[in-house]
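Me: Got a structure to go through with you. Can we start with the sheets and then look for empty space inside?

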Amino acid sequence: MAESLLSVGIDVGTTTTQLVVSRITVENRASGFCVPEMDITNREILYESEVAFTPLVGENLVDGGKIAEFVEEEYRKAGIKPTEVDTGAVIVTGETSRKENAAAVLQSLAGLAGEFVVATAGPDLESILAAKGAGAVAYSQRTGKNVLHMDIGGGTSNLCYIRDGEIAATGCLNVGGRLVKVEDGRISYVSTVVESLWAAGASPRPTGRMEVGEGAEVRKLEALADVLVQGLEMAAGLREKTPLWDALWTQECGEYGERIATPVCGLARNDVDFRQGRMEVGDRWVVSFSGGVADCIREDFDSFAFGDMGPILGRAIRKSRLCRGEYMLGEHTIRATVIGAGCHSAQLSGSTVFCRDVALPLKNLTVAAVPEDEQTDAGSIARRLAAADSGKAVLALPGYAGAGYAQVAQLADAVLEGFGDREILVCIEQDLAKALGQMLFLRSGKPCLCIDRVRLPAGSYLDVGVPVGPCFPVVVKTLILNG
Amino acid sequence: MNKQELSAMVAEILQGMNIGQVQAEEQCSPLQEPMVKGSDYKPTKPVRDKIDRERIATPVCGLARNDEKFLGDPGEVEDISALDLRKLYLQENAQDKEGFARLKMKTPARLASGRAGARYKTLTMLRFRADHAAAQDAVFFQVPEDYPRKHGLVAVQTRCRDKDEYLTRPDLGRCFDGENEEIIRQNLPQKPVVQIVVGDGLSSAACQANAMDCLAAIRDGLKLKGIELGKSLFVRYCRVGAGDAVGDITGCKVVCVLVGERQGLVTDKSMSCYITYEPHTGVSESARTVVSNIHAQGTPAVEAGAHIAGLIQTILKRKVSGVGLHLEEAL
């Protein structure tokens, strides 16, 4: 009884724009004598676009029209229509997401790319998608090894620490191959990040300031690359942190739930071997790389082969402390993020869930998370729903393991009172959504969606698609941009 | 062996499980001192000459710690059945100890149990026997007399007179004598759409732990579809086939039997649900739709109930249950 979903991933990065089309297979993994348990059993890539340069108008404006054209053209080549697309994600990554018009581009693309393709951006989610797309999470699950994954793109490096197959921490640094661009032997662009390294009094300082228009000197860029790589080493806990760290740390990068209590910087110190002077990496975890720059780590390219400092940065990484132990390149490198977006952004709810009279898909639901000890406090539920700003909110509850009927009934009463006149949308971690959902509907007769086995961190957003068999595809997002 | 010795032994074994321990200790294990000198050995006091069977049969889990009369002094010996089997790692000299331990976390199966010569280690053996004892207790444990009344169930008994007959004569566990048939006829609705039967089956513990939560959720789910349940039946010494006899007597469209499963060594509280369309004596076993593994670590009873209500609706719509239903779904 396999069902399949057509999924599209579109990644608009600082440097490149890519698209993949994949087929996600969903099957019941439980025996016929048990309650069904739907799971994603296969992810097959059907089509990969060329890696195109992200069209820009001037230095900072993403050309929304051109990107829309690109997507339409790739859909034509892949032979799919927007109406056929079930799920996926459009993500604007890296430095691009901080540019003024990224939000508008996201919204116009989401409309074009099918009803349930999710518009999203944010370094936490990006880090996770890149690590999954590169195969680093699967590698950790397969081998039981811990992996520190770095997706080094044009504008940023997305970090993800994977402990025994589980995402343990994410982080983001302003380290990328296109912080400086070169045209015809001359510097054509210097990112404000490079400038800020000076302003922040970062130590060590890159030798010699760079100005647009001056001749590109390999030696000068190598010095800059060395400084940037030191930031990556600090993230891995292989170097003492200096003010350089603060200058490179991406501020928007927040927490992805409580499970990732500390971003990589903190975790590296506590958990990953931090041994100054002894730079053996790999006895506790393996370093893995993806992103465009990853291709320049093992292979030597001409310094300005791509019109930027990517090859120079790649060489600097190869010589750094990061590569003195065991390291590896992802299964996918430059395509890791887009494959993550296409194949790994959707997950499935539990298979016993409840939905009555609620129109799907639902997009950008604000998460109102209630802690375990306040689950039956209607006042707390109402307050948190009200606080979850405008638009629709979904109530996130931990639930109770092995709850009895009376306990679920108590929960149902509190939830109903807390929701008041709002549409009842509930997402619970423990396996009891169907029982809770039918209680809610019996008591109120109002439209009600109740799903389970999805963990929603506070401050995240949820999209829910039309059901696949008995369950719902959902996407948990950490940051949305409103058009 | 007295209690102190046993305590010391369990403590030592537990210490030996510590994965992070230094390898060096393992490599050159010195000759161990015997733990107790012969002169110190005192035989354990006899606990009680005769143990009332119904006593053992009461609360399975609390038995080891709480029943003073049974254990003499409680609380001195570590409760080995409380150890998490997933964490019980006893394998020595593994090439990748941490890796093995991590794999083991994925299953409660008795892996990485090491060996003493050609035999089990003491802890493995004791734990196995403890789990086996719990499983046996769950069979002999009686659902209390007032259980049906407390939960508004109509109580009947199959032709079995006691547990022994129940275990040795499965055929008697599927039918009722005239008196019990009359109770069913008098107290249950005639020709209901759905009749629920709660049975003790092979685990009274499972029945008590799950049946009422499950039943309440089934009731909710059916109500949503406009099906009201009448009184439900409690059957002592119940086999799944007792539902067929209930079908004969009441003429229900669907019978749904909630019954304690034969125990494994992992849990003694697992319940199953058997749903049969147009049940009657002699109906084929393949005509039953089964939902198994209903317990706190499997599918929680409440959620299973909601799922079962959905299944019953599907069965009523398709007018078929069991293998036929699954085949249709696959098409």
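Me: Which strands stand at the edges of the open sheet of 5 strands in chain A?
Reply: This is a predicted model, where local features need pLDDT of at least 70, side-chain atom pairs count only at pLDDT 80 or more, and totals for chains, interfaces and linings use all residues. Side-chain values use heavy atoms without hydrogens or water, residues count from 1 along each chain as its sequence is written, and chains are lettered from A and ligands numbered from 1 in the order written. The order is β11-β10-β9-β14-β15, with mixed pairing (strands are DSSP runs of E, at least two residues, numbered from the N terminus; two of them pair if DSSP finds at least two bridges between them). Each edge strand has a single partner, so one side of it has no neighbour in the sheet; these are β11 (166-173) and β15 (327-329) of chain A.

Me: In β10(A), what is the bridge partner of Leu148(A)?
Reply: Strands β9 (146-152) and β10 (157-163) of chain A run antiparallel, joined by 6 bridges. Across from Leu148(A), the partner in β10(A) is Tyr161(A).

Me: At what angle does helix α4 of chain A run to β9(A)?
Reply: Helix α4 covers residues 136-143 of chain A and lies across β9, β10, β11, β14 and β15 (helices are DSSP runs of H or I, at least four residues). Angles here run from 0 to 180 degrees between N-to-C directions, with axes fitted to C-alpha atoms, for helices over the stretch in contact, and contact means heavy atoms within 4.5 Å. For α4(A) against β9(A), that gives about 170°.

Me: And in the open sheet of 8 strands, which strands stand at the edges?
Reply: The order there is β16-β23-β22-β18-β19-β20-β21-β17 (chain A), again with mixed pairing. A single partner strand each leaves one side without a neighbour in the sheet, so the edges are β16 (347-348) and β17 (354-356) of chain A.

Me: What volume does the largest cavity have?
Reply: A cavity is a set of points on a 1 Å grid over the protein atoms alone where a 1.4 Å probe fits but cannot get out. Points are joined across faces, edges and corners, and volume is the space filled by probe spheres set on them. The whole structure has 5 cavities of 30 Å³ or more, and the largest comes to about 80 Å³.

Me: How many charged residues are in its lining?
Reply: Lining residues have an atom within 4 Å of a point; among them are Lys104(B), Arg110(B) and Arg127(B). Asp, Glu, Lys and Arg count as charged, and the number of charged residues is 3.

Technical notes. On a 1 Å grid over the protein atoms alone, a cavity is a set of points where a 1.4 Å probe fits but cannot get out, and a pocket is an open set with protein on both sides within 12 Å along at least five of seven lines; lining residues have an atom within 4 Å of a point.
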